[in-house]
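Hello! I am handing over the structure we talked about, so please open it and keep it beside you while you read. My notes on it follow below.

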Amino acid sequence: MAISTLTRFSTSATSPLSSALIFRHFSERVIFTVATKKKSQHQVFKTMAFSQDNKTTAPYGSWKSPITADVVSGSSKRLGGTAVDPQGHLFWLESRPSESGRVVLVKEACKAGDEPIDITPPEFAVRTLAQEYGGGAFRISGDTVFFSNYKDQRLYKQATSSKDSCPVPITPNYGGPDISYADGIFDSRFNRYITVMEDRRVSSINSTTTITAVPLGDVNIPEPKVLVSGNDFYAFPRLDPKGERMAWIEWSHPNMPWDQSELWVGYISENGDVYKRVCVAGYDPKIVESPTEPKWSPTGELYFITDRKNGFWNLHKWVESKNEVLPLYPLNAEFARPLWVFGMNSYEFIKSEAGKTLIACTYRHNGKSYLGILDDVQGSFSQLDIPFTDIDNITSWNNYLYVEGASAVQPSSVAKVTLDGHKLNVVDFKIVWSSSSDCLKYESYFSQPELIEFPTEVTGQNAYAYYYPPTNPLYQASQEEKPPLLLKSHGGPTAETRGTLNLSIQYWTSRGWAFVDVNYGGSTGYGREFRERLLGRWGIVDVDDCCSCARFLLENGKADKERLCITGGSAGGYTTLAALAFRDTFRAGASLYGVADLSLLRAETHKFESRYLDKLIGDEKAYFDRSPINFVDKFSCPIILFQGLEDKVVPPDQARKIYKALKEKGLPVALVEYEGEQHGFRKAENIKFTLEQQMVFFARLIGRFDVADPITPIKIDNFD
């Protein structure tokens with residue numbers, strides 16, 4: 001029977017992987033087993049020999065590695081934030097691929113040797129769908145946690161003192177997950193919970209966002225009270241220490257929060273309403289800025305981060321009496337990240353033994369993160385020496401900083417950083433949570449990233465990437481062979497890739513692939529000017545920069561021209577498809593929930609990104625000219641596609657349209673669809689399957705080697 005290659009991959013949360021793989025024919029829904037492996041039409045290298053240094057000489061791509069897809073998928077726990085209660089207990093939010101991506105709040109062990117405690121009961125999951133990307137899903141206040149529950153999206157409160165405590169809902173039941181909450185804070189003055197609320201009851205693609213107050217004292221559950229409304233988006237509602245003023249960030253279409261936003265302060269009346277407002281930053285048309293992360297100091301002064309004047313997100317302070325904004329420590333470095341998710345926390349107020357208030361903060365410069373202590377009175381910055389080269393959020397308590405970070409040899413982790421009394425030096429550094437606690441046993445297989453700067457198509461402009469050479473302590477290739485190269489284009493596109501330990505990358509390099517992760521023009525981490533290279537030119541600058549990076553590596557002897565592959569997810573999937581349609585640099589590609597039709601994306605995506613493309617693309621002609629789906633005739637190489645069927649950011653029709661068109665053209669193509677997955681894959685079995693099928697797809701079509709792992713490939717249309 002001739003079987004289509006549109007593969008539906010469905011899993012049960014309670015079934016083992018071996019019994020959960022179901023492959024269905026798209027139209028006839030015939031259950032079938034995967035096709036027999038077929039060798040590539042290229043020559044398969046069989047050479048195997050031992051060198052003088054006891055390494056086995058074998059073709060790139062064919063090396064055996066203990067970093068298996070099972071290891072990668074099992075190590076893919078994600079961190080969703082940290083918090084500390086008044087007693088100094090650390091809490092963290094982790095997603096677990098082994099539990100179908102369920103997100104759990106965990107409390108550190110009470111004493112050494114004990115296991116951490118799951119606070120979230122098995123029938124709950126801590127995750128908000130606000131703006132689809134979520135974040136800010138919980139808040140610790142005293143011995144209580146307020147959190148969003150994934151299934152019904154209601155807010156709950158739960159005691160953290162006992163793992164057996166039962167969550168209690170504090171928002172109404174609307175009969176479905178149509179209202180989401182995020183980025184909340186407890187208001188002790190009025191015994192209420194103030195939060196961003198997204199209401200999708202009228203329209204899922206044109207939702208209404210407000211800042212609301214959820215009463216906590218009533219026996220019945222009343223409707224939340226709207227405090228701030230009228231704009232398209234809100235984030236970071238933050239109360240001063242007395243509960244008399246509230247700061248927040250807001251922005252409106254067609255801007256994204258990193259384009260232009262506004263910082264406001266509202267004064268709260270005796271009945272709890274916001275009765276007066278002042279715009280602190282973002283109101284002056286002569287100053288283009290995107291303020292973010294407002295926070296009140298213990299003495300009631302407002303601090304925040306914005307990119308006015310020098311184009312880099314730097315710390316600032318508001319002088320209320322003059323309505324004046326002052327920079328604290330101007331530096332051509334980024335003290336914040338783009339507001340894709342709620343709840344980011346890039347700085348904290350701490351006190352020295354002498355009682356001086358200082359700011360613990362992190363910034364990013366030339367591809368590396370730094371942690372330090374800022375004394376805004378002295379205007380001085382004292383760098384703290386820690387092993388992390390990449391830092392996200394920080395949390396503080398007494399003499400400790402809890403830092404979320406990673407490095408080239410340390411995966412995503414939380415470190416407890418102990419400071420001296422002056423808060424200027426590190427006394428101790430200890431990992432207290434790791435996304436993959438046992439991964440260091442593979443350290444001899446780790447490929448160290450090399451930060452490279454390469455010329456772009458525009459004279460005088462460079463872009464950046466992390467290059468990972470093939471690395472395996474037991475194997476080497478012959479001197480005549482150059483390695484296959486997999487180039488990754490990150491998502492966003494307003495985002496940044498970072499040179500940290502990622503076992504998904506090490507999966508490739510330990511098998512003999514070269515890997516390069518590109519920060520093309522438009523990426524964050526290098527200031528507004530670099531970020532705005534993509535305005536009006538998405539699908540041009542990113543594609544050119546990826547191709548320029550590949551050529552740069554070819555010219556430096558780092559890769560085989562005939563085995564250049566490209567991969568990417570979401571916006572990176574679009575760059576992948578555009579590179580394959582409009583350039584001839586790459587020989588094969590993999591698109592994960594990528595964009596094929598820009599006009600369709602604009603029409604179907606959620607509100608947060610519904611006007612994003614206006615600035616990235618331009619007029620209607622550009623929408624047509626840069627959509628790969630409209631130029632199928634220009635594709636000339638194999639492509640494999642992966643798609644979640646519950647994706648509301650890039651709906652499944654995108655992958656189906658490009659799959660159908662490429663199949664009809666006669667190109668080798670395959671499509672894998674995952675039931676129960678959204679934008680990004682969270683289930684361990686799907687992470688594993690995606691990784692393995694990319695590997696074997698490239699090996700069969702352009703690799704010229706046999707994969708060492710026992711992977712059964714899916715059938716490829718127009719090839720098998």
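Let me begin with the outside: the protein exposes about 27,900 Å², where accessible areas come from the Shrake-Rupley method with a 1.4 Å probe and, for residues, only the protein chains shown count as cover. Carbon and sulfur atoms supply 48% of that area.

Two notes on how to read the values. This is a predicted model, in which local features need pLDDT of at least 70 and side-chain atom pairs count only at pLDDT 80 or more, while totals for chains, interfaces and linings use all residues. Residues are numbered from 1 along each chain as its sequence is written, and side-chain values use heavy atoms, with hydrogens and water left out.

Now the overall picture. The protein has 11 helices and 40 strands; these are DSSP runs numbered from the N terminus (helices: H or I, at least four residues; strands: E, at least two). The C-alpha trace spans about 80 × 55 × 55 Å along its principal axes. Its radius of gyration is 26 Å, which agrees with the value near 27 Å for a compact globule of 720 residues. That radius is taken over C-alpha atoms, and the globule rule is 2.2 Å times the number of residues to the power 0.38.

Of the 720 residues, 62% count as buried (buried is under 20% relative accessible area, exposed is over 50%, and partly exposed lies in between, with a 1.4 Å probe and protein chains only). Among contacts (heavy atoms within 4.5 Å) with a separation of 6 or more, 58% are accounted for by residues 24 or more positions apart.

Next, some backbone details to look up. Most residues other than glycine have a negative phi, and most peptide bonds are trans. Which peptide bond comes just before P254, and is it cis or trans? The bond from H253 to P254 is cis, with omega near 5°, and P254 sits in the loop between β17 (245–251) and β18 (262–268). The bond from G492 to P493 is cis too, with omega near 5°; P493 belongs to the loop between β35 (485–489) and α3 (503–509).

Two residues other than glycine have a positive phi to look at. E293, in strand β20 (residues 292–296), has phi near 50° and is buried, because its relative accessible area is 2%. N323 has phi near 45° and lies in the loop between β22 (314–319) and β23 (324–327). N323 counts as partly exposed, because its relative accessibility is 30%.

Enjoy exploring!
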